[in-house]
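Here is the note you asked for, set out as numbered points so that each can be checked against the coordinates.

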Amino acid sequence: QVQLVESGGGLVQAGDSLRLSCAGSGWFFNRYTLAWFRQPPGIQRTFVASIHWRNDTAVYADSLKGRFTISRDNAKRMVFLQMDNLQPEDTAVYYCAAQLSGDGGMGTEDYADWGQGTQVTVSS
């Protein structure tokens, strides 16, 4: 199991950029596929992006391709989400998640470990 803590959320205007960070701790951090999910108010948590533990292949939700970028730094035990051209529809609580030595996935059930979430609010 790995412990995850998100940070970097806040209030921004439409068109702005924001970078979220997730700090991990525990054994075998480099063997976890990492992902970001988000949960807008009143609806279910949905997939944003993932990055593979072994080959760094990134997968994105179709609607976010080209605008969001996921990256990781195993030496620092961190995963990041760069969000560009933010829109009001991006307003949500953003969560990082981890899957041990797996190929990822786009469902919440694919990940066993979760952070507490960080709020991102985009105003127009």
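Is aspartate 90 buried or exposed? At 2% relative accessibility, aspartate 90 counts as buried, and the points below begin with its charged partners before turning to the rest of the model, which is a predicted one.

1. **The charged network.** The side chain of aspartate 90 meets that of arginine 38 in a salt bridge, with N to O at 2.8 Å, and aspartate 90 also forms a salt bridge with arginine 67, where the closest N and O atoms are 2.6 Å apart. Arginine 67 is buried, with a relative accessible area of 17%, and arginine 38 is buried as well. Through these shared partners, the salt bridges join Arg38, Arg67 and Asp90 into one network. As general background, side chains of opposite charge can pair when their charged atoms come close.

2. **Where the network sits in the chain.** Each of these two pairs links distant parts of the chain, as the element assignments show. In the pair of arginine 38 and aspartate 90, which links distant parts of the chain, the arginine belongs to strand E4 (residues 32-39) and the aspartate to the loop between strand E8 (78-83) and E9, at a separation of 52 residues. In the pair of arginine 67 and aspartate 90, the arginine is placed in the loop between strand E6 (58-60) and strand E7 (68-73), and the two partners are 23 residues apart.

3. **The remaining salt bridge.** A search of the whole structure finds 3 salt bridges, and one of them pairs lysine 65 with aspartate 62, the closest N and O atoms being 3.3 Å apart. Here lysine 65 is exposed, with a relative accessible area of 53%, and aspartate 62 is exposed too, at 64%.

4. **A buried acid without a salt bridge.** Which side chain of opposite charge is nearest to aspartate 113? It is arginine 72, at 12 Å, and aspartate 113 is buried yet has no salt bridge; because a salt bridge requires the side-chain nitrogen to be within 4 Å of a carboxyl oxygen, a pair at that distance does not qualify. Aspartate 113 is found in strand E10 (residues 113-114), and its side chain does make a polar contact, at 3.5 Å, with the side chain of glutamine 1. Leaving aside residues up to four places away in sequence, aspartate 113 touches Gln1, Val2, Leu4, Tyr32, Cys96, Ala97 and Ala98.

5. **The disulfide.** Cys96, one of the residues that aspartate 113 touches, is also a partner in the 1 disulfide that a search of the whole structure finds. This disulfide joins cysteine 22 to cysteine 96, with S to S at 1.9 Å, and since the torsion about the S-S bond is about 50°, the disulfide is right-handed. Cysteine 22 lies in strand E3 (residues 18-25) and cysteine 96 in strand E9 (residues 92-100), so the pair ties together parts that are 74 residues apart in sequence. Both ends are buried, with cysteine 22 at a relative accessible area of 1% and cysteine 96 at 0% relative accessibility.

6. **Backbone points to inspect.** Most residues other than glycine have a negative phi. Asparagine 85, which is not a glycine, has a positive phi of about 50°; asparagine 85 lies in the loop between E8 and E9 and, at 40% relative accessibility, counts as partly exposed. Serine 101 likewise has a positive phi, of about 55°, although it is not a glycine; serine 101 lies in the loop between E9 and E10 and counts as partly exposed at 37% relative accessibility.

7. **The overall fold.** The protein has 0 helices and 11 strands. For 124 residues, a compact globule would have a radius of gyration near 14 Å, and the 13 Å found for the protein agrees with that, while the C-alpha atoms fill a box of roughly 40 × 25 × 25 Å along the principal axes. Buried residues make up 46% of the 124 residues. Among contacts between residues at least 6 apart in sequence, 60% join residues at least 24 apart.

Technical notes. Residues are numbered from 1 along each chain as its sequence is written. This is a predicted model: local features need pLDDT of at least 70, side-chain atom pairs count only at pLDDT 80 or more; totals for chains, interfaces and linings use all residues. Side-chain values use heavy atoms; hydrogens and water are left out. A disulfide is a pair of cysteine sulfur atoms within 2.5 Å. Helices (H or I, at least four residues) and strands (E, at least two) are DSSP runs, numbered from the N terminus. Buried means under 20% relative accessible area, exposed over 50%, partly exposed in between (1.4 Å probe, protein chains only). Lys and Arg count as positive and Asp and Glu as negative; His and the chain ends are not counted. A polar contact is a pair of N or O atoms within 3.5 Å; within protein, one must be able to donate a hydrogen and the other to accept it, and residues adjacent in sequence count only if both atoms are side-chain atoms. Contact means heavy atoms within 4.5 Å. The radius of gyration is taken over C-alpha atoms; the globule rule is 2.2 Å times the number of residues to the power 0.38.
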